[in-house]
Amino acid sequence: MKARLRGCAVLAALPAIPLALFALVAPAGAATQLCGATDTVSVGGGEYIAQNNIWGADTPQCITVDGTSFTVDSAGHDNSTSGAPAAYPSLFKGCHWGQCTTGSGLPVQVDGDMPSVTTDWSTTLPGSGSYNAAYDLWYNTTPATTGAPDGAEMMIWLDYSGPVQPAGTRVATGVQISGATWDVWTTQMDWRYIAYVRTAGTASVDDLDLRAFTRDAVARDAVEEDWYLIDVEAGFEIWQGGQGLRTNAFSVDVGGTTNPPTDPPGEGRQCSATLRTDNSWNSGFTATVTVTNTGDEPLSGWTADWTFTGGQRILNGWNATVTQSGADVRAVNANYNGAVPEGGSTSFGFQGSGPAPGTPAVACTAG
């Protein structure tokens, strides 16, 4: 078996780390300490597996596992926050690099008949250190694999501490999913990678709707409908420190009843936007912004907002009304391209003065 190649903040894939061939089995009601880099233990009657999972450093770490809770007892990590984390101590349900829990209900195919997949997770987060509290979901092109999944990795950051961020580029802000607002990051590794970062951090969630995240990822071409969700993990990517991180309780329900949505009215209308520089010269540039309907209803209009950081000024625009106030820019659809069907996209362009802006984050508001 192989430990997963963790992707966050990594510019190149790292060598695989061998896992123990068999998970320890903890007696009912007994706490187990794991200190080996690849140590695992089966809990909850085999429904979950806890893993110490030190994969990005040689520094020590010990966790104590008690049922579906665990605490980071000690950690000596001091990784750069601009690189890979040192470890991802976590619990998982499903199959992780061929190591599988029992009675998980996974895999499930990502299509129109995908069953509900919801999760509860409660954590205790210390005030020091550089880490995140994040789900890690894995998608494979077939129902099973004995090695690294070949489809996609999805991370869902509930909260974080220190100057850390997901891998890749932020491609959307203000996305409404499962009753909260998220920023979206994507990149390409040995698999597709997509991360959702909660804009207002939280230490716990109830009935988080993983099917809704999956559908959003499908709309962004990060996950394919004929792939399979094979694994749901919850834990802490740790760069520095980490002692005192705790999962109080964790559960995943596959195929159960999804609670009525708590998202605000109009949640079905969602959009994302990306900006690219087309041409640049000494005194100016041209750029294109693409607006994509990522919701499950047609758009009747849209607004795109971003902020310049290099003193750029808008000179003119086309296919949208583009205005600027200070460094802040707003574009509103024209009367002929405000209607965007589900899964569709439209674009507009503009000419500016100053240096090329690169790829600033663009917030899209659906109408």
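Hi everyone. Let's start with a twist: the torsion about the S-S bond of Cys-35 and Cys-62 is about 120°, so this disulfide is right-handed. The sulfur atoms of Cys-35 and Cys-62 sit 2.0 Å apart. Before I go on, please keep in mind that we are looking at a predicted model.

If the word is new to you, a disulfide is a covalent bond between the sulfur atoms of two cysteines.

So where does this first pair sit in the chain? Cys-35 lies in the loop between strand 2 (32–34) and strand 3 (40–43), while Cys-62 belongs to strand 5 (residues 61–66). They are 27 residues apart, and the link ties together distant parts of the chain.

Are these two cysteines buried or exposed? Cys-35 has a relative accessible area of 35%, so it is partly exposed. Cys-62 has 14%, and because buried means under 20%, Cys-62 counts as buried.

Now, how many disulfides does a search of the whole structure find? The search finds three, so let's meet the other two.

One joins Cys-95 to Cys-100, with a sulfur-to-sulfur distance of 1.9 Å. The angle about that S-S bond is 115°, and the link is right-handed. Both ends are partly exposed: Cys-95 has a relative accessibility of 23%, and Cys-100 has 38%.

The other joins Cys-271 to Cys-364, with the sulfurs 2.0 Å apart. Here the angle about the S-S bond is -105°, and the link is left-handed. This pair also connects distant parts of the chain, from strand 21 (residues 271–281), which holds Cys-271, to strand 28 (residues 363–366), which holds Cys-364; the two cysteines are 93 residues apart. Cys-271 and Cys-364 are both buried.

If you count the bonded cysteines along the chain, the pattern reads 1-2, 3-4, 5-6.

Let me finish with a helix. Why can we say that helix 1 (residues 210–219) is largely enclosed by the rest of the structure? Because seven of its ten residues are buried. Among them are Leu-210, Phe-213 and Val-218, and also the charged-sounding names Arg-211 and Asp-216.

Have a look at both ends of helix 1, too. At its start, a side-chain oxygen of Asp-209 comes to within 3.2 Å of the backbone nitrogen of Arg-211. After the helix comes Asp-221, whose phi is positive, near 65°.

That's my tour. Thanks for listening!

Technical notes
Residues numbered from 1 in each chain as written. Predicted model: local features only at pLDDT ≥ 70, side-chain atom pairs only at ≥ 80, totals over all residues. Heavy atoms only, no water. Disulfide = S-S within 2.5 Å. Helix = DSSP H or I, 4+ residues; strand = E, 2+ residues; numbered from the N terminus. Buried < 20%, exposed > 50% of the residue type's maximum accessible area, 1.4 Å probe, protein only. Polar contact = N/O pair within 3.5 Å; in protein donor to acceptor, adjacent residues only side chain to side chain.
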